[in-house]
Amino acid sequence: MMNIEFSFIIVDDSELDCYVTKKFLELTNDNVIVKPFHNANDALKFIQKNDSGIGTFPTIILLDLQMPGMTGFNFVEEFEKLSTAIQENYIVIILTVLSFTSDPNNIQRILRYRVVNSVIEKPLTQEKLLELLNQVS
Amino acid sequence: MDEKIKILYVDDEPENLVGFKASLRLDYQIITATSVPEGISCLNNHPDIRIIFCDQRMPGKTGVDFFEDIRVSHPLPVRIMLTAYTDVESIIDAINKGNIFRFVKKPWTETDIVLAIEEANKFYMATSMLAIKNKELQAAYDELTKFAYSVSHDIRGPLVGVLGGINLAGLIDNVAEMRDLLAVMKIAVIKLDTYALSMHDYYTLQKGLLKITAIDFNAVIDAMKTMYSLTSKANNVDFKINVEQDEVFVSDKITLKIIIGNLLSNAFKYQDKTKTNKLVELRVEVNNGMATIYVTDTGIGIVESHLGEIFNLFFRSNSTEVGSGIGLYNVKNALFKLNGEIQVNSVLNEGTTFKVTIPSL
């Protein structure tokens with residue numbers, strides 16, 4: 001697992017959450033590229049430019065749901081409009097404070113999007129991260 | 001009484017209308033109609049009609065029909081039926097369908113009518129007070145719903161962020177890295193604290209009584225200056241203060257501080273970090289019992305389409321620097337208490353000026 005070059009895009013308006021997620025990824029993997037965005041719009045533009053992903057492995061997008069301006073829902077909707085060639089190079093994982101118990105409606109709503117792979121509930125822990133990496137590799 | 005109670009009387013016999021009007025017009029404002037459609041148009045033209053008298057026996061529609069027709073469209077006026085005979089059927093009908101307050105038997109005496117009007121007016125006042133109270137309750141309930149949403153999102157978000165930071169700290173051995181993490185966590189905790197403080201302002205404004213004293217604007221601002229001078233230095237923002245007060249100004253100090261404090265805090269918070277000459281200017285002029293306060297910044301500005309909404313609870317105009325959405329709402333409520341007004345002038349990417357006018361109390 002350590003040899004695979006994982007690459008990540010973090011989309012989260014919270015500076016703290018971006019920092020924590022990035023650090024977690026860097027401390028859990030030796031070989032990793034992490035690109036954080038505080039704004040979903042900027043992330044989308046970046047993806048359009050880097051249509052083949054940013055690593056050798058499909059790039060994992062860790063997406064927050066509740067953001068001012070373009071929300072996670074808006075982002076997923078726009079992402080599904082991109083060409084399948086681009087979409088195939090990315091995996092969308094939702095990283096949110098919302099949970100099945102606290103907000104089942106929004107979680108069910110986001111899981112209905114084809115491109116959404118799974119949902120991870122904040123706060124991030126090393127166990128959650130390792131489980132995710134096992135699942136996608 | 002400042003204004004006469006407005007009363008509508010509907011009767012198909014003009015002589016009844018004339019008699020009614022003649023004996024009551026001195027004490028009440030009487031509007032008359034000879035048919036149901038005319039009565040309805042009177043109600044539309046005078047939404048402040050409090051009491052309706054109607055004859056039961058009319059060609060076409062009866063009084064009961066009339067009251068039934070207007071039950072939904074004009075629910076507020078109190079209805080009184082005039083009837084020449086004790087027709088039990090029509091009385092039961094009227095009560096069930098027309099929402100009748102009471103009956104007056106024909107031929108009526110002036111005493112009967114005046115008594116009916118006075119009672120109906122009391123009933124009207126009680127019901128409309130209830131409607132106002134209901135409206136206030138609904139507004140409070142809506143606010144509560146917004147607060148519940150805010151607690152789950154605005155408070156839980158940063159808290160879970162801090163928790164994530166604590167989880168991450170377990171993996172960090174390097175002291176420098178740990179310090180970096182703590183610095184980012186600190187920002188989140190300060191944001192939470194700011195949120196809690198604006199909640200306290202909200203509570204103060206909702207519950208607190210005004211404490212009226214003579215205000216020395218220089219002293220009020222001096223007390224706040226220290227805090228903002230630090231922000232000013234840390235963020236490289238020039239801070240200018242100019243107070244012109246030659247007369248006594250009477251107001252509530254705490255409420256004034258909430259107004260000035262929130263405007264200043266926004267002016268510093270929403271600066272354009274890319275600009276070299278950053279400025280926040282506070283100007284106070286007291287003239288002829290009126291204080292005018294200007295807070296001007298060279299910040300990012302507000303999109304014109306948002307200007308109407310910035311004073312709403314939990315409204316946030318900006319996407320990068322996340323505020324609590326309570327500050328300007330508190331300013332609006334504070335100004336309401338002091339009978340003041342606020343105007344905003346903003347140019348995107350250039351800056352914003354808030355102009356506040358407050359009368360001496």
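**Stop 1: a pair of strands.** Select residues 341-347 and 351-359 of chain B in this predicted model. These are strands S11 and S12, and seven bridges join them. The two strands run antiparallel. Now pick out B:Asn345 and look across to S12(B): which residue stands opposite B:Asn345? You should find B:Thr353 there. As background, strands of a sheet pair through backbone hydrogen bonds, either parallel or antiparallel.

**Stop 2: the whole sheet.** Widen your selection to the other strands around this pair. You are looking at an open sheet of five strands in chain B, in the order S7-S9-S10-S12-S11. The pairing in this sheet is mixed. Which strands are the edge strands? They are S7 (237-245) and S11 (341-347) of chain B, and each of them pairs on one side only. Try looking along the sheet: on average, neighbouring strands are turned by 10 degrees against each other, direction ignored.

**Stop 3: a helix across the sheet.** Next, add residues 253-269 of chain B, which form helix H8. Helix H8 lies across S7, S9 (278-287), S10 (290-297) and S12 of chain B. Line up your view with S10(B), and you will see H8(B) running at about 15 degrees to that strand.

**Stop 4: all of chain B.** Zoom out for a moment. Chain B holds nine helices and 12 strands. Of its 361 residues, 29% are buried. Take the contacts in chain B with a separation of 6 or more: 66% of them are between residues 24 or more positions apart.

**Stop 5: where the chains touch.** Show chain A as well. The contact takes 21 residues from chain A and 19 residues from chain B. On the chain B side, the elements that give two or more residues are helix H5 (110-169) and H6. Helix H5(B) provides the largest share of that side, 10 residues. By class, the chain B side has nine nonpolar, eight polar and two charged residues.

**Stop 6: two helices crossing.** Finally, select residues 15-28 of chain A, helix H1, and residues 175-207 of chain B, helix H6. Their axes come within 9 Å and cross at roughly 150 degrees. H1(A) and H6(B) are therefore roughly antiparallel to each other. Their crossing is left-handed. Which residues of H1(A) meet H6(B)? Show A:Glu15, A:Leu16 and A:Tyr19 as sticks, together with their partners B:Val184, B:Met185, B:Ile187 and B:Ala188 in H6(B). This contact has six nonpolar, no polar and one charged residues.

Conventions. Residues numbered from 1 in each chain as written. Chains lettered and ligands numbered in written order. Predicted model: local features only at pLDDT ≥ 70, side-chain atom pairs only at ≥ 80, totals over all residues. Pairing = 2+ DSSP bridges. Helix = DSSP H or I, 4+ residues; strand = E, 2+ residues; numbered from the N terminus. Axes fitted to C-alpha atoms, helices over the stretch in contact; angles between N-to-C directions. Contact = placed C-beta atoms within 7 Å. Parallel < 35°, antiparallel > 145°, perpendicular 65-115°, else oblique. Left-handed = near helix turned anticlockwise from the far one by under 90°. Nonpolar A, V, L, I, M, F, W, Y, C, P; charged D, E, K, R; others polar. Buried ≥ 20, exposed ≤ 12 C-beta atoms within 10 Å, placed from the backbone.
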